[in-house]
Amino acid sequence: MAESQQLRVQEAVDTMVKGLERENIRKMQSTMFRCSASCCEDTQASMQQVHQCIERCHAPLAQAQALVTSELEKFQDRLARCTMHCNDKAKDLIDAGSKEQQVKRQLESCVTKCVDDHMHLIPTMTKKMKDSLASIAK
């Protein structure tokens, strides 16, 4: 993928992840730490009970992190498939005898379209993740 296009996607995804972390994940971390601390304050609980209590406190955050990771992986996979399709088309054109400059332009155009299409998916993906994170946090 062209460097400038890769940078565009990376910046958009970074901005989305930072927003999710600030608005959703951080609150979940705070809740998890307070919950874990209260587990440790139970002087009547056994070591195993405290450990299980802490694990229950950690579960929503782990679920949230897994959700974000999974969504980002799916997004990256889709973008990679799109750019691979562009590469395949470029290879076919070269094999058919097209001029290198023409193939390069078509490849860049194809990759740019992939990036544009996937940039449009980011707001929907963000909303889906925020909704899922909100339901996990309840």
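Q: Welcome! To start with one residue, what is the relative accessible area of Lys128?
A: This is a predicted model, in which local features need pLDDT of at least 70, side-chain atom pairs count only at pLDDT 80 or more, and totals for chains, interfaces and linings use all residues. Residues are numbered from 1 along each chain as its sequence is written, and side-chain values use heavy atoms, leaving out hydrogens and water. Buried means under 20% relative accessible area, exposed means over 50%, and partly exposed is in between, with a 1.4 Å probe and protein chains only. Lys128 counts as partly exposed, as its relative accessible area is 45%.

Q: Which residue forms a salt bridge with Lys128, with the closest N and O atoms 3.2 Å apart?
A: A salt bridge is a side-chain nitrogen of Lys or Arg within 4 Å of a carboxyl oxygen of Asp or Glu. For Lys128, the closest N and O atoms are 3.2 Å apart, and the partner is Glu71.

Q: How many residues apart in sequence are the parts that Lys128 and Glu71 tie together?
A: Helices here are DSSP runs (H or I, at least four residues), numbered from the N terminus. Lys128 lies in helix 4 and Glu71 in helix 2, so this pair links parts whose separation in sequence is 57 residues.

Q: Is Glu71 buried or exposed?
A: Glu71 takes part in a network of salt bridges with Lys74 and Lys128. Its relative accessibility is 9%, so Glu71 counts as buried.

Q: Which residue meets Lys127 in a salt bridge of 2.8 Å, N to O?
A: Both partners lie in helix 4, 4 residues apart, about one turn of the helix. The partner of Lys127 is partly exposed, with a relative accessible area of 41%. The side chain that meets Lys127 belongs to Asp131.

Q: How many salt bridges does the structure hold?
A: One of them joins the side chains of Arg26 and Glu21 at 2.8 Å, N to O. Arg26 is partly exposed at 45% relative accessible area, and Glu21 is partly exposed at 27%. The total number of salt bridges in the structure is 8.

Q: Which helix supplies the largest share of the largest nonpolar core?
A: A nonpolar core is a set of buried Ala, Val, Leu, Ile, Met, Phe, Trp, Tyr and Cys residues joined through side-chain atoms within 4.5 Å. The largest one has 27 residues, of which Val13, Met16 and Met125 touch the most other members. Helix 1 (3-41), helix 2 (47-95), helix 3 (100-119) and helix 4 (122-137) each supply at least two residues. The largest share, 10 residues, comes from helix 2.
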